[in-house]
Structures are given as C-alpha cells and as structure tokens.
Amino acid sequence: MRTNSALLARRSAAVPRGVSTATPIFADRAENGELWDIEGRRYVDFAGGIAVLNTGHRHPRVIAAVQAQLERYTHTAFQVSAYEPYVALAERLNTLAPIEGPAKTILFTTGAEAAENAVKIARAATGRSAVIAFTGGFHGRTMLTMALTGKALPYKRLFGPMPGEVFHAPFPIAHYGITVEQSLKALEFIFKADVEPERVAAIILEPVQGEGGFHQAPPEFMKALRALCDRHGILLIDDEIQAGFGRTGRMFGIEHTGVKPDLITVAKSLAGGFPLAGVIGRADVMDAAEPGGLGGTYAGSPVACAAALAVLEVMEEEQLLARAAHLGARTRARLETFVGRNDLRPIAGIRGPGAMIAFDLVASHGAHEPDGAAAKAVTAKALEGGLILLSCGVYGETIRLLFPLTVSDELLTEGLDRLEDALRIV
Ligand code: PMP
C-alpha cells in the first residue's frame, strides 16, 4: 500500500524544499468539500486548494464542461487559432466586473501572471513606471509580483535585488494600530520622499487581503484611494484573485466599497480547479499595449475557459452569492461561541465579509497579541482530527476558512466541530 510517509520521503528527495506543503498528506481523490488521502482517510477540506474551489472539488457541471471541451481540442494557442470559449468568457467577465464604461478582458494562467500583466498594461496606458502596493498584500512569487508582495519572509529572502519602482504603504488594519488616516499619510510621504505622483502608473491592492490575514479595505479608504488616483492620473488595480468569485458574498470583493477600479486581476476560483487567470479593465486602458506585447502560450487555455464558463453558470444557478452570506453568518455565529472559553485556546478578531471568514489565535483571552505558534499547532491538530485548515496573516496568527460555497450545512457543521476540537486545550 502507498503511504503518506513513503511518498513524503520520495517528495523530499525529488522536489526542492522551496515549494512547501501545508500538510504531510497526499491526495487520492476529492469531491466538493471532502478529500481522501492515499491511505483512505477522509478529510473535511476547509482549504479549497488555497481559495480556488468556491464551487468545490470536481463540481459535476465543471467536469462535464471540461470533458466536452476535451473531445474537441485542448490547445491551439489563442495567438495562433483563437477559440470561442475565450471570447465568451471575456464577454461574461466584462459584463460582471464593476468597471466604469466598456471593459475588455485578457486571460492568463496564474495569478502572478495576471498581476504582472496588470502592471504592464498600466505602464503602457500611463507611460509611467512606478507602482505602489501595501504591507501584508500578496500578489505572487514571480520577480515583479514578489516585489509587489508586502511580506519579506519567506517571499523575498535570498531573491534580491527586487525590481525597482515598487513602493509600499502600510495597509490600514485597526488592531495593528494602523488607521486609514495613517495609511493615507504614509502615501503622502511616499510621494514626497520616494516618487512623485506623476511617475506612478498604478496603485495595487486586494479588497480583502488574503495571505495577509483576511483584512478588508475600509470603504472610506478605497474611496480615498480612488480620489487620489483620479487626482494624479494613477490607475487603481484591484487584485480579486483570492477575494473574488463570490467568496465575500459579492462577485468581486471591491463591490462592498462602491469603488470602481480601472483594472481587476482574477484567478483561483474563476475556473473551479483549472489554471486560469485574467485582467479585466477599462477598454481604453486595456488597448494600450501593442499587439504581441501581451499573451502566453497557454494563456486562456480552452479547457480552463470551458471550466470558468461552467463556474459562472453554477454560481448563478445555485445562487452562491446568497449561499456565501448564509454560510458566513452560520460560521461567524459558531466561532463567536468559541470566544473567551477556558477549555479552548484564546481567539479574537472574527472577521470577514460573506464567507471570507478568519480569526486570530492570541496570547490571552480578551487581548489581541498574535500567537503564530498557536495557529500552527491548531492547523496540525485539525489535520489529525480530519480537517484541512490553512493559516495566514502577518504573524501567521490567522486561521482562514475556505470551505466551498457549495458545501452542505451538515458538512460545514462537521468541519466546525472538528475546528472546535482542534482549538481544545489538551
Ligand atoms: N494575488 C492574490 C491576492 C493571491 O492570493 C495570490 C495567490 N495566493 C496571487 C495573487 C498569486 O496567484 P498564483 O499563486 O496563482 O500566482
């Protein structure tokens, strides 16, 4: 029989440690919110392949669409022979995205590629070079997106020097002591000390920081950024790669703020488990790059486009935006019952819009001193108890819950029961 430990040994010998894995288990099969490892053990999956599976593992509609596509063609390269699923998906995204005026969409394969290309497009459209991002933000691991990502360890160490013209302002998070006013003041200082606003092509941020700990950008902050961008001719890039596709109870996380960005990056849950990413933006901005300047051999794979079109149908038919609100409310109510209990580890900061829910492990009840070691212990204990759980956050103190929006109330409850057990002190 194949065992997790035997495969782990083979993996350690064959695969570099730079790509780390949150759990020591190897997947055998998965269905909606459940996963079985190669030893036959069943897990409730609250990780969703890192926010990719808002429609769950192997949604039947997605699998059927992919199977139908496999029977026709799997790859032509959009740059050689174009195909309808790409165009149809672009049309759907253009209609759905909160962009002012006509929109256009270009597709890629990974989130980092989308973020890189959003910056390329912004540079082409403005004729400017600089980009401002935020502390705690995550935009990818490629050379430019690593620079955009607002976390040095483990993403930047050993990989310098960083590409130039990237600056960071503190993201406003009340319990870290950073107010909206302070964050805006820091931007002013960047304009004074590092780069004049006329040299800034774009400001990029997540509407709800994902890897940074599920911190939502306050609406007044987004509005101030929009005004700042308008004043200086800077483009606002909204990275929806983790917050998008219904997770927050809206199709796009930024819809909670009423602000319309110039460019939006999408990936992850867009295609229900198939590699696909995109940049959606104002048509005039999107057309700034010259023919041949954008693209990629596999960018906008027809198989992934077929999956994404099915995902959008499922979201509508199964009313997953309303479902996100329902599941989020249930989860929050249950988490509230864990607060202040002496038989459980201390937690605080239950937060997040819709089903983009997280909380922090803290040093003591009633305080908010982050305890990353406790979060690590909880994810490990959860796995022993049959629950796949991911941490995140600046100090690794945050537990994020990424169950599918297609999960049944029963499976959600089972997962939350296992979470409660994982929080139990011995
Ligand atoms: N942006 C955000 C907000 C993300 O959460 C991620 C992935 N965690 C990325 C970009 C990068 O996506 P990928 O790993 O597909 O390159």
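Ala, Val, Leu, Ile, Met, Phe, Trp, Tyr, Cys and Pro count as nonpolar, Asp, Glu, Lys and Arg as charged, and the others, Gly among them, as polar. The exercises below concern a predicted model.

**Exercise 1.** Which residues surround the ligand, and how many of the shell residues are nonpolar, polar and charged?

*Solution.* The residues to be sorted are Thr-110, Gly-111, Ala-112, Phe-138, His-139, Gly-140, Glu-206, Glu-211, Asp-239, Ile-241, Gln-242 and Lys-268, which surround the ligand. Sorting them by class gives a shell of three nonpolar, five polar and four charged residues.

**Exercise 2.** Identify the polar atoms of Gly-111, Phe-138 and Glu-211 that face N or O atoms of the ligand, and then state how much of the ligand the protein buries.

*Solution.* Begin with the backbone: a polar backbone atom of Gly-111 is 2.8 Å from an oxygen atom of the ligand, while a polar backbone atom of Phe-138 is 3.2 Å from a ligand nitrogen atom. Turning to side chains, Glu-211 places a polar side-chain atom 3.3 Å from a nitrogen atom of the ligand. The ligand taken alone exposes 390 Å², and the protein buries 84% of that area.

**Exercise 3.** Decide whether Thr-145 is buried or exposed, and describe its surroundings.

*Solution.* Thr-145 belongs to helix α6, which comprises residues 143-148. Because its relative accessibility is 0% and buried means under 20%, Thr-145 counts as buried. A polar atom of the Thr-145 side chain lies 3.2 Å from the backbone nitrogen of Arg-141. Leaving aside residues up to four places away in sequence, Thr-145 touches Ala-112, Ala-115, Glu-116, His-139 and Gly-140; Ala-112, His-139 and Gly-140 also appear among the residues that surround the ligand.

Definitions and conventions: Residues numbered from 1 in each chain as written. Predicted model: local features only at pLDDT ≥ 70, side-chain atom pairs only at ≥ 80, totals over all residues. Heavy atoms only, no water. Near = heavy atom within 4 Å. Polar contact = N/O pair within 3.5 Å; in protein donor to acceptor, adjacent residues only side chain to side chain. Areas by Shrake-Rupley, 256 points an atom, 1.4 Å probe, with all protein chains shown as cover. Helix = DSSP H or I, 4+ residues; strand = E, 2+ residues; numbered from the N terminus. Buried < 20%, exposed > 50% of the residue type's maximum accessible area, 1.4 Å probe, protein only. Contact = heavy atoms within 4.5 Å.
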